[in-house]
Amino acid sequence: MGVLLPSPRQGAYMSYDPQDLEARWRERWAESGRYEADPDGRDPEESTFVTVPYPYPSGGMHIGHARTYTVPDVYARYRRQQGDNVLFPIAWHVTGTPIVGAVERLKKGDESQIDSLQHAFGVPEADLKNLETPMGFARYFIEEAECSYKSGMQQLGLSIDWRREFTTTDERYQRFITWQYETLKARGLLEKGLHPVKFCTEQENPVTTHDLLEGEEVEYQEYTLVKFASATFGNDAVADAETVFPMATLRPETVRGVTNAYVDPDGEYVVARVDDERWVVSAEAAEKLEYQAHEVEIERERPGEAFVGETVTNPVTGDEVLILPASFVDTDSGSGVVMSVPAHSPDDYLALQEATADAEALETYGIDPAAVEAIEPVPILSVEGYGEIPAKDAVESAGIESADDPGLKEVTQQVYNREFHQGELHDEYGKYGGEVVEDVRDDLKAHFESQGAFATMYDFPEPVISRAGGKVVVAYQDTWFLRYNDPDWQAKASRAVANLDAIPENTREQYDHTVDWLEEWPCIRNYGLGTPLPWDQDFIIEPLSDSTIYMSYYTVAHRLQEIPVEDLTHEFFDTLLLGEGDHERARELREEWDYWYPVDYRCSANDLISNHLTFFLYHHAELFEEPKWPQGITIMGMGLLEGEKMSSSKGHVVLPGEAIATYGADTVRFFLLNSSEPWQDYDWRAEEVGSTRDQLERFWNRAVERIEGPDGERDLEQVDRWLLARLQETVVDVTAAMENFETRTASQTAFYRFEEHLKWYRRRADLERPGARWTLRTVLETRLRLLAPFVPFMANELHERLTGEPAEDVPWPEPVPEFEDDAVLAEEALVKDVLEDVWDIVDVTDTDPETIRLYVAADWKREVFDTVVETGPNQGAVMGQVMQDEALREQGDAVNDLVGDLVSFVRERDADTLETLAAIEEAAVYADAAAFLEREFDAEVAIEREDDDPADPADKAGHARPFRPAIHLE
RNA sequence: GCGCGGGUAGCCAAGUGGUAACGGCGCAGCGCUUAGGACGCUGUCUCGUAGGAGUCCGCAGGUUCGAAUCCUGUCCCGCGCACCA
């Protein structure tokens, strides 16, 4: 059941019992419907609507998902404390094939599937039967399983409005999607066309990656068929028309460099009528062409050798080239007829050499060896780093002599890359001459295709086999497309990107890039769960296309339950979502939609920018008015487990339920949000999670002690004011971070950084004083409010014990002007400096002083400091100013040194800081801290003034500088 | 190749012009304790018998009074690149 978790360490105090405490709060929240949000008296401007992609329950929930849903929760809790009416809903995405596929594999008894369910998610044997229908499977992982999403979310304490949940196969949701697609179609944004898909020849069905046994990683490629022709061909075939030899290539621009062609002499070929032409291709290719919407009628079957020695004409240059035999030709790749470009293809270069060398073989096929020997590579482009014949250079400099050389593949790849990105075509290419291949390949291809010289064929570079055992080919299928490349729609989407609060900001470029790059998106599938395409019920609207505007569905999801399905007509949604039409009930509901919309923040994974999130913007931009477009998107990073990718198939996962049972939900939440900012990757490490728990427990124990201890009263000393000033700073910083979704910064600031302040305070202050008690109580109360979004169970409990009200029910803290105090912060910094300086000296000299003398700098030194501040940090200018004083002039070098120091001191500080420093009375600060220093060092502390002719046994007083007293230990 | 991000101490990680650089883990010492993997304090680049000096942020240059931070070049790593969700 996932990775074993070590037991938490038990503290000396047993009072922190997260399981008990968290269970009580969960129950309380559920019973009171605490997070059910409805439009109320608050202004819609003060409503916050935050969403996260609805989970896809094709398996259980693991710890990686936990952060995904906790990020928006923390933001939602923060906004609630800020006084907003906050809606945070959830639903379940079951559209598409993964669940169906998982069920099928399970029913077939697929070992790895069963193993994953049992091992990673702890599904008991007895439950497996319930998973044998798609919705049974979905339902199980939505809410029935121990590792279900709903259970995980509730245990984490997510502040979700559970009344609004639905699944994407609900009838009402399907009505909504139906409306969306009818509307888009009416607006001309859907288009029908043929599209290549992976297709199993055994089952006569399209297949997805999950259906593949072999070649899961293989992507099909678009080959160009260069239509070489033979007018003379006919040695035993039908000679009544020109015969086309379509040569498959991925580099159509090399057409002018073809010197010969190859066929596999032992391969099976056919002469076939393809559409209106007669083609010669391999038998396999003929089958593939048929799948790709060509009319194919086989006239004769012939072995490859029948075509060897034939002459064919280059459709672009008009040159005649010879067909040679070659065993390396794979009849199951492309057309089975290949063209040879020895100048630019290392393979072809070597093959030609080998053919030339084997005159005997050529003669067997009736080819004149002299004719082959006469073939010279024809270069068609120039590329830096290679000579005239790049393939020759590449092969020779790599020392490759035969086609069997394992280094050939890499050399070939190198040549292809260089030529593609840097190769400039020669002038014979007319308007493409002088251009770089990368920039014109597509154009050039289209140009010759329109002239009838080229055609297109799709094929895989490696074998692909389906789980049914059938060969997978590329077939054309009728498909409906979303026209994401429509210029008007693109323009709206771009505007939606521009309006967006993209978090972090550097993702904006990725959205723009996606909008530029998206073409037509096939939005239907042949099978799977989902909403049927309204006008062609054989197809299902695919998952990325039925999840683009569903956030608007949330706003009324629970109300729609009260309406009979058949009343949810096209007009109903027109009224609800567009404000067009007169459906009465829809008009009422539109008020709720209007109250919550737009989506304020969508939190989603960074890999969804290039599809889902951009689609989300597109569809909103089209269907809604600009003020209703998404306001912000926060991107989330990936999770690792002990430094490695999580994998439910390998059982390398941690389940939230187990983690919460071990550490408590607050610890899980705090770890997930504090270990990195939402958009950064994070790493779940059990050891660190354990230590997070220890830290929270320590916090709890201190808080309980404080709550149970006496109240204190407001009688403040310097050090109390210092801590209170730090507290105000913390409030400001945490609030700023929360506004930017910087959960790590926020929680670090409120928790760890403040712990550092407290450490200093405990060392510095007498904690038994009533003033200290009052201060610590105030600090605790404020910190609990700042931490409530992160650790809501603990923070609410402690805050309630402290004040009678849970933290979530009181406002988010604001800085108290009375306690904002830069001076006291600067003064305390001086005390800390002195403390460290004295410790340094003690350490270095290894002495135990009985008396510590601090000498505060002479008045004239402070005057020099003032001058530097006024004049600016410029040595010359300051010296000019200072030297006008006769008394100082006499001290010459000493003054110069001091000015040098003070100039850099001033240069490194901003105006506000300098102003604060200028007002500080140093001697008073040290006098106030003397008792503390005496405690620290167990020594007498004497504060002296350099000016007052002090006791100075080691002649140290002169070293005093402003804000840096001289020190003498004795 | 294109797009985005990143290389900082034994590990994780903050820092985007001003002090070897917040935290956490680990490690070491001390205290507390029957004990502790609990808790508290201190330390953790090197050297140093006076608060100092030296070195340092992938590598190499440059700009600047001053660079982990800005610029140029370079090496390495991660993610995405569609019809999977």
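## Domain layout

In this predicted model, the domain assignment splits chain A into four domains. Domain 1 comes in two pieces, 1-162 and 638-685. Domain 2 spans 221-459. Domain 3 covers 709-820, and domain 4 covers 828-969. The centres of domain 2 and domain 3, taken over C-alpha atoms, lie 76 Å apart.

## Strand S10 and its partners

Strand S10 takes in residues 277-282. Five of its six residues are buried, so the rest of the structure largely encloses this strand. Two strands that pair with S10 are S7 and S9.

Strand S7 (residues 243-249) runs parallel to S10, and two bridges join them. Across this pairing, Val244 stands opposite Trp279 of S10. Strand S9 (residues 268-274) is antiparallel to S10, with six bridges between them. Here Val271 has Val280 in S10 as its bridge partner. S9 and S10 also make a hairpin, with two residues between the strands. In that turn, Asp275 has a positive phi of about 55°. Strands of a sheet pair through backbone hydrogen bonds, in either the parallel or the antiparallel sense.

## The surface near RNA strand B

Which residues come nearest to RNA strand B? They are Glu509, Pro522, Arg525, Asn611 and Arg698, out of 61 residues around the strand. By class, the residues of this surface divide into 18 nonpolar, 19 polar and 24 charged. On the RNA side, 62% of the atoms within 4 Å of the protein belong to sugar or phosphate. The rest belong to bases.

Several secondary-structure elements each supply at least two residues of this surface. The helices are H16 (508-517), H21 (609-623), H24 (686-708), H26 (743-764) and H29 (822-845). The strands are S21 (520-522) and S32 (966-969).

Three side chains place an N or O atom by the RNA backbone. For Ser610, a sugar or linking oxygen of RNA strand B is 3.5 Å away. For Arg744, a sugar or linking oxygen is 3.1 Å away. For Arg964, the RNA atom is a phosphate oxygen, at 3.1 Å.

## The S31-S30-S32 sheet

Three strands form an open sheet in the order S31-S30-S32, with mixed pairing. Strand S31 (940-945) and S32 are the edge strands, each pairing on one side only. From one strand to the next, the twist averages 20°.

Strand S30 (residues 851-856) runs parallel to S31, and six bridges join the two. One bridge pairs Arg853 with Ala942 in S31. S32 also supplies at least two residues of the surface near RNA strand B.

## A buried arginine

Is Arg773 buried or exposed? Its relative accessible area is 15%, and the cut-off for buried is under 20%, so Arg773 counts as buried. Arg773 sits in helix H27 (residues 770-787). Its side chain makes a polar contact with the side chain of Glu768, at 2.9 Å.

## Backbone exceptions

Most residues other than glycine have a negative phi, and most peptide bonds are trans. The cases below depart from one or the other.

Two peptide bonds before proline are cis. Ile503 and Pro504 are joined by a cis bond with omega of about -10°. Pro504 lies in the loop between strand S20 (501-503) and H16. The bond from Tyr597 to Pro598 is also cis, with omega near 10°. Pro598 lies in the loop between helix H20 (584-596) and strand S25 (601-605).

Ala293 and Phe741 each have a positive phi of about 65°, although neither is a glycine. Ala293 is in the loop between helix H8 (283-291) and strand S11 (296-303). Phe741 is in the loop between helix H25 (718-739) and H26. Where do they differ in exposure? Ala293 is partly exposed, with a relative accessible area of 48%. Phe741 is buried, at 2% relative accessibility.

Technical notes
Residues are numbered from 1 along each chain as its sequence is written. Chains are lettered from A and ligands numbered from 1 in the order in which they are written. This is a predicted model: local features need pLDDT of at least 70, side-chain atom pairs count only at pLDDT 80 or more; totals for chains, interfaces and linings use all residues. Side-chain values use heavy atoms; hydrogens and water are left out. Buried means under 20% relative accessible area, exposed over 50%, partly exposed in between (1.4 Å probe, protein chains only). Helices (H or I, at least four residues) and strands (E, at least two) are DSSP runs, numbered from the N terminus. Two strands pair if DSSP finds at least two bridges between them. Domain bounds come from an automatic or database domain assignment. A residue is near a molecule or strand if one of its heavy atoms lies within 4 Å of it. A polar contact is a pair of N or O atoms within 3.5 Å; within protein, one must be able to donate a hydrogen and the other to accept it, and residues adjacent in sequence count only if both atoms are side-chain atoms. Ala, Val, Leu, Ile, Met, Phe, Trp, Tyr, Cys and Pro count as nonpolar, Asp, Glu, Lys and Arg as charged, and the others, Gly among them, as polar. Axes are lines fitted to C-alpha atoms, for helices over the stretch in contact, and angles run from 0 to 180 degrees between N-to-C directions.
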